[in-house]
Amino acid sequence: MEDTSDSCSEVVLMESSSAEQPSASSEGRAAGEAKSEDPAENPLLPEATGTVHQGGCKQQSPPEQSALKEQEQSRLAWEQPGEGQGNHGVIRNGQNVFEPRAPFSALSQSTSPVINDKYSTSPEVRHSEREEQTSQTTVLSANMAIRTVTGSIIEDNETLRRTRGSFDETVQSEKLCLDQEQFPGKGVQQDYRMPDVITVRVQTDSDSFQDVAVKVERPTYQKPFLGGFKNRITGVEFHNAGSQTIPKKRPDKGVQIFCRETQTVFEKNKPQQTKNTTSTQMTKIGVYVSNRTDKLISPGKYLTAEEYHKRRLEAVIVLQTYFRRWHAINVVQNLREAKRLRLAWEAQEELRKKKEKEEKLRREYERKVNPRTKEDFELLYHDLELWRQEETERINRTLTGAERKAAFCGVLEQEAELIAAIGRQKLNASEENQQKAILHFLDKCAQPKRWKAYDGKITEMDTQYTLRARELFEIYSNISMNGIPKDERRDVLLTLRRTVKEHECKLTQEIVELIDREVDLMSREVKEWNLEGLRKRICTLFLQYIKTPKFNPEVARILKVPPDPLKLYKNVNFCPSCENYLPSTEFPIPADSHTFGRCCLCCKLGNEAQQRKSFLKYKLLLENLRKSEADYEDGSKIAFLVQHHDLQYMIENIWDCQSALSACSDLYDLVMVRWDKQHEWSPWNTILLTEDEADAHLKLHSLQEAYEAVFIHRIKHKHIRAKNYFAQIPAMTPFLHRSDNQANEFLIATPIPTGTKT
């Protein structure tokens, strides 16, 4: 033991909280317990309160004894906290006060930790360095033999843990310094600071313990006093744990909830009659009241209840009369306004229809004057046939003999001239159409890749093949352009020459030779009209160069002729009229045919030479029908399988080229719609109506309520005729079976009521 430890000692005092208990008994009990029990097995109770005093080497003076008595009295004045309340230690004037029910208490540097051994679940604080220091500082010096009346002195090699107090005793230690020269005055003891992490031993079983690391949370602010207990003498506060703990938050339901008592208003009505004090003044002795404003009232005629109700009834009748008049005026005005609007709408509709008809005739006349498409030339040949029939009928009706033959010869010559004029127009139109078709073909090759994203936006992407096709398209447009200066023409030819020189073959060599020839002729000042043939040859060969997939890979996707010749032998058929082998798409297949007949070109030539019919109206009807079926978006297929020849047969032979309701015979105004809009369109589920009638028909909810039974029977008969005709087409067979099954289900689901006559 060093000198410093010999010069200081600690005095441990056990003070009873009872005023009547003698100090000698407490002294003997503390000494006996300290000798009989093991220090490790009998730690200090957690309820004991220890106060550490640090000072010089001296005995207890009377002021110190009076301070101990005051602490005993203050402890008697404490109020016991309830269950669930925590106690907090308060340190004042260099003393560490250990309150009851604390999990553990820490003394200053000269004391050892206090361990609760009363309950099996209490933690044990272990800190080896702190224990070693405490044991060194608590060993009493050999030359120290001081005893007080209420305490005992710790012997050598004895720690503070050996001291044990009862539940109602206070353990007090005091360090006395014997060496006044080396330690003059009272030594200043540093405040104890608990570490951030401590190790707590917890008993998990009867004979097993577990060390748990506990993190100490330090308060960042002084908690306000919101409830608990307070020592009125010492001012020590014991906070109520229930009022100091943050309440548990309820889970958020997403709905704002209010209390019914604070959000509900209860109303209560109570009638109350207020007082109205009045007074009258009469004439008497000493009082004069003027009667100038008085009125003389005489009783009138008595009115009985019957007379009263009669007068009320007459008044009500008068009111009703005026109201009905006002209402009738409003109704008439509304009807008049509705009639005016209806007449205005009808006039507007008539004007619109008249304008549409005039516009239709104007477009038809324009197509006949300047024909450009196949349908335009069909109209011309159809009108030519109508003119020939009218002239033939007129000649047969008015002329006979030689005059009749001469008239027929004149009609034949005029017909031949008209056919020749139509042929010349067809040649001009074919050249223009061919050039437009070539440009459209090249533009289609040069189009970038497009696809639609999930948000509806169109994305475009250029590939190396589309860029190559666009470059060739631009060169072809410049080559086929007429009327450009010679310098620009020479630059275009040089660009074309560099482009085709990339590939060495017979075709490119021929193009290069023609380009050199044109450049040489242009240098010799040759006229442009003399170079037209050469330029057409260059354009034709360059177009052949563009259509070669080897030089333009993008064109392989659009060419009708596949690169592999073996694919041509799969769907090839023989035309007996022109004796050519053509793909199956070039043959029209009527509904009543079982073999391939003439090709489309031969049928077209035969129609122009003999029948001269126009299918434009039927094609327009079929186009409108397919558009209306596509709008339903229910997977209709039959409308896209039917051809215009089949539709022509239906309109001419089944529906008699007229509307089923109004008998309108203008095919430009007629449309074909569904008879029952709940099922897809088919030849046995259709009706021919005008546009206005079709709009009204599609708005019906029940056909049986809207039409008479005779009309429905007539429509069903037409459907049966159409079904028998289209049963010859193999592709229509599955649709026919499906319609039969639907009809059978309808008959089964709708039983026919039966009864007997009485």
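Thr540 is exposed, with a relative accessible area of 52%; exposed stands for over 50%, buried for under 20% and partly exposed for values in between, with a 1.4 Å probe and protein chains only. Its place is in helix H13. Helices (H or I, at least four residues) and strands (E, at least two) are DSSP runs, numbered from the N terminus. Thr540 lies 9.7 Å from Ile511, C-alpha to C-alpha, and the two are 29 residues apart in sequence.

The model is predicted, and local features need pLDDT of at least 70, while side-chain atom pairs count only at pLDDT 80 or more and totals for chains, interfaces and linings use all residues. Residues are numbered from 1 along each chain as its sequence is written, and side-chain values use heavy atoms, with hydrogens and water left out.

**The protein overall**

The secondary structure comes to 21 helices and 17 strands. Of the 758 residues in the protein, 29% are buried. Among contacts (heavy atoms within 4.5 Å) with a separation of 6 or more, 63% are between residues 24 or more positions apart.

**Helices H11 and H13**

Two packed helices are described by the angle between their axes and the distance between the axes. Here axes are lines fitted to C-alpha atoms, for helices over the stretch in contact, and angles run from 0 to 180 degrees between N-to-C directions. Helix H11 (residues 486–500) packs against helix H13 (residues 532–546) at about 35 degrees, and the axes are 13 Å apart. The crossing of this pair is left-handed; that word applies if the near helix is turned anticlockwise from the far one by less than a right angle, and right-handed applies if clockwise. From H11, Arg489, Leu496, Thr499 and Val500 take part, and they meet Arg535, Ile538, Phe542 and Tyr545 of H13. The residues of this contact divide into five nonpolar, one polar and two charged. In this count Ala, Val, Leu, Ile, Met, Phe, Trp, Tyr, Cys and Pro are nonpolar, Asp, Glu, Lys and Arg are charged, and the others, Gly among them, are polar.

**Helix H10**

H11 and H13 also appear among the elements that cover the buried residues of helix H10, and these include helix H9 (401–446) and strand S12 (449–452) as well. The buried residues of H10 are Thr466, Arg468, Ala469, Leu472, Phe473, Ile475, Tyr476 and Ile479. H10 (residues 464–479) has 16 residues, which should span 22 Å at 1.5 Å a residue, and its end C-alpha atoms are 23 Å apart, which agrees. The expected span is 1.5 Å times one less than the number of residues.

**Helices H20 and H17**

Helix H20 (residues 709–726) has 18 residues and reaches 26 Å from its first C-alpha to its last, close to the 26 Å expected. Phe711, Ile712, Ile715, Lys718, His719, Ala722, Tyr725 and Phe726 of H20 are buried. Seen down the axis of H20, these buried residues fall within an arc of 140 degrees, so they line one face of the helix; the arc is that of the directions from the helix axis to the C-beta atoms. On the other side of H20, Ala709, Val710, His713 and Asn724 are exposed.

The axes of helix H17 (residues 644–654) and H20 come within 11 Å and cross at roughly 140 degrees, and this crossing is right-handed. H17 contributes Asp646, Tyr649, Met650, Asn653 and Ile654 to the contact, and H20 contributes Lys718, Arg721, Ala722, Tyr725 and Phe726. These residues divide into six nonpolar, one polar and three charged.

**Residues in loops**

The table lists three loop residues with their relative accessible areas.

| Residue | Loop between | Relative accessible area |
|---|---|---|
| Glu579 | strand S14 (572–575) and strand S15 (580–583) | 57%, exposed |
| Asp656 | H17 and strand S16 (670–674) | 45%, partly exposed |
| Thr548 | H13 and S14 | 23%, partly exposed |

Glu579 has a positive phi near 55 degrees and is a residue other than glycine. Asp656 is not a glycine either, and its phi is positive, at about 60 degrees. The C-alpha atom of Thr548 is separated by 9.6 Å from that of Leu559, which is 11 residues apart from Thr548 along the chain.
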